[in-house]
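Hi,

Here is the structure I promised to send over. Please have it open while you read; my notes follow below it.

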Amino acid sequence: MRSYDIILKKRNGQPLNKNEIEFLLRGFIKGQIPDYQVSAFLMAVYFKGMTREELAEFTLSMAGSGDMMDLSSIPGIKVDKHSTGGVGDKTTLVLVPLVAAAGVPVAKMSGKGLGHTGGTVDKLSSIKGFQTELTTQAFIEKVKNINTAVVGQTANLVPADKKLYALRDVTATVDSIPLIASSIMSKKIASGAQGLVLDVKMGRGAFMKRKEEAVSLAKRMVETGNRLGLKTRALITSMDQPLGKTVGNALEVKEAIKTLMAKGPQDLTELCLTLGSHMLVLGKKANSEDEGRAKLEEILYSRKGLDKFKALIESQGGQSEVIGDMDKLPCAPLIEEYHCPAVGFLKEIDAFKIGMAAMTLGAGREKKDDFIDLSVGIELNKKAGDKVEKGEPLFIIHSNSRERTAKAIEVLKDSFILVKEKPQPPPLIYDKIKK
Ligand code: URA
């Protein structure tokens with residue numbers, strides 16, 4: 001077998017078989033196939049796509065390139081969730097305790113934030129002492145004890161993805177639906193759960209800007225997961241405006257705690273209940289989404305979800321006092337309000353620009369190894385559809401330097417649109433895909 005022939009076959013739009021895929025990926029990981037040939041292959045996939053069978057084989061081969069987590073010693077049906085990335089997306093912090101409290105084991109591996117989107121591991125690290133690096137054995141023991149644990153991805157989880165992503169990044173092949181689908185689903189397959197609920201974001205702050213793209217990505221991931229024995233469903237949800245009212249690591253942890261006290265923003269609460277209802281159905285703790293939702297509402301209002309979050313923090317060595325005293329979380333020294341320049345209704349709050357403003361403050365990373373400041377970020381006083389008076393605070397900026405505040409304000413100034421008539425608030429959930 002020669003890589004040249006595999007590239008040629010793909011370039012001519014013919015599907016590759018299992019052996020060809022294995023040959024290419026294994027050779028690439030071992031350094032036997034050079035980057036320039038794999039780059040050509042990626043570009044051929046970009047233009048010619050992949051068939052369903054091919055995508056499943058490619059995903060499986062990627063998943064098998066490193067450690068495959070074996071969760072079989074944990075009783076019950078393990079269900080995972082994944083978001084394709086958003087601004088202010090602290091869903092995992094709320095959803096995981098709720099679902100775990102409902103009896104579904106959640107062994108969650110999460111990523112760090114990159115670019116304008118945040119990551120769960122960074123958010124959790126704003127809780128003093130919280131360990132997101134655990135041995136596999138400790139991770140599994142913790143899930144057995146309290147039904148959940150949340151850790152960073154192990155170093156050897158899908159090494160093929162790390163290497164391929166680095167090439168995609170420099171060859172204009174990141175935004176290929178089969179390559180995104182295989183990248184995400186290979187990590188989920190390797191993480192070992194039996195059920196998966198995907199939150200595919202669409203809109204200004206998301207990877208997928210248009211609904212057709214988001215639906216297409218969701219369908220390919222759902223199909224691939226189900227084909228490979230991972231029961232998968234997807235929701236297409238809005239990322240035109242940030243989720244909830246905070247963007248920035250410690251600020252988002254505070255908002256998640258408030259949400260688990262049933263005092264959180266409506267959109268975040270609604271999204272968690274909806275995603276969670278699907279997780280309960282997949283975990284066989286509810287016969288329908290309505291039943292799942294009712295169970296989760298009971299858990300939310302009785303604060304059993306908050307108790308589970310406390311147990312999660314303690315299980316991973318964190319300071320659980322933050323729940324009763326949120327001032328124990330990192331607080332930024334400078335707080336400044338940005339006031340609305342005119343009266344009107346908020347038509348839009350651009351999630352991408354808010355994410356960029358938060359990054360300017362130091363809440364996110366431009367490059368993988370950048371330092372981030374857990375205390376800084378932006379609070380939104382209003383959401384799209386709300387009325388705002390002239391001079392009313394629109395944003396509250398938590399910062400560690402006046403210079404950074406000024407730079408963030410320059411971005412924030414341009415991040416919203418005011419109109420005279422009350423607009424329809426944008427939908428939160430656009431679609432759900434089960435097959
Ligand atoms: N997230 C991933 O994990 N991989 C991609 O290719 C895109 C988004």
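What distance separates the centres of domain 1 and domain 3, taken over C-alpha atoms? The two centres are 44 Å apart. Keep in mind that this is a predicted model.

Now the layout. The domain assignment splits the protein chain into domain 1 (3-49), domain 2 (79-323) and domain 3 (330-419).

Next, the salt bridges. The structure holds 34 of them. I picked out three pairs and one network.

**Glu 53 and Arg 227**

These two side chains form a salt bridge, with the closest N and O atoms 3.9 Å apart. The pair links distant parts of the chain. Glu 53 sits in helix H4 (residues 52-63). Arg 227 belongs to helix H10 (residues 211-227). The two residues are 174 residues apart. How accessible are they? Glu 53 has a relative accessible area of 46%, so it counts as partly exposed. Arg 227 is partly exposed too, at 38% relative accessibility.

**Lys 201 and Asp 89**

Here the closest N and O atoms of the salt bridge are 3.8 Å apart. Again, distant parts of the chain are linked. Lys 201 is in strand S4 (residues 195-202). Asp 89 lies in the loop between strand S1 (79-83) and helix H5 (91-101). The separation is 112 residues. Are these partners buried or exposed? Lys 201 is buried, with a relative accessible area of 0%. Asp 89 also counts as buried, at 9%. The cut-off for buried is under 20% relative accessible area.

**Asp 122 and Arg 365**

The side chains of Asp 122 and Arg 365 meet in a salt bridge at 2.9 Å, N to O. Asp 122 lies in helix H6 (residues 120-124). Arg 365 is in the loop between helix H15 (351-361) and strand S9 (377-380). The pair therefore ties together parts that are 243 residues apart in sequence. Asp 122 is buried, with a relative accessible area of 6%. Arg 365 is buried as well, and its value is 6%.

**A network**

Which residues are joined into one network by salt bridges that share partners? They are Arg 204, Asp 240, Lys 347 and Glu 348.

To recap: the Glu 53 and Arg 227 pair is partly exposed on both sides. In the Lys 201 and Asp 89 pair, both partners are buried. Asp 122 and Arg 365 are both buried.

Best wishes

Key: Residues are numbered from 1 along each chain as its sequence is written. This is a predicted model: local features need pLDDT of at least 70, side-chain atom pairs count only at pLDDT 80 or more; totals for chains, interfaces and linings use all residues. Side-chain values use heavy atoms; hydrogens and water are left out. Domain bounds come from an automatic or database domain assignment. A salt bridge is a side-chain nitrogen of Lys or Arg within 4 Å of a carboxyl oxygen of Asp or Glu. Helices (H or I, at least four residues) and strands (E, at least two) are DSSP runs, numbered from the N terminus. Buried means under 20% relative accessible area, exposed over 50%, partly exposed in between (1.4 Å probe, protein chains only).
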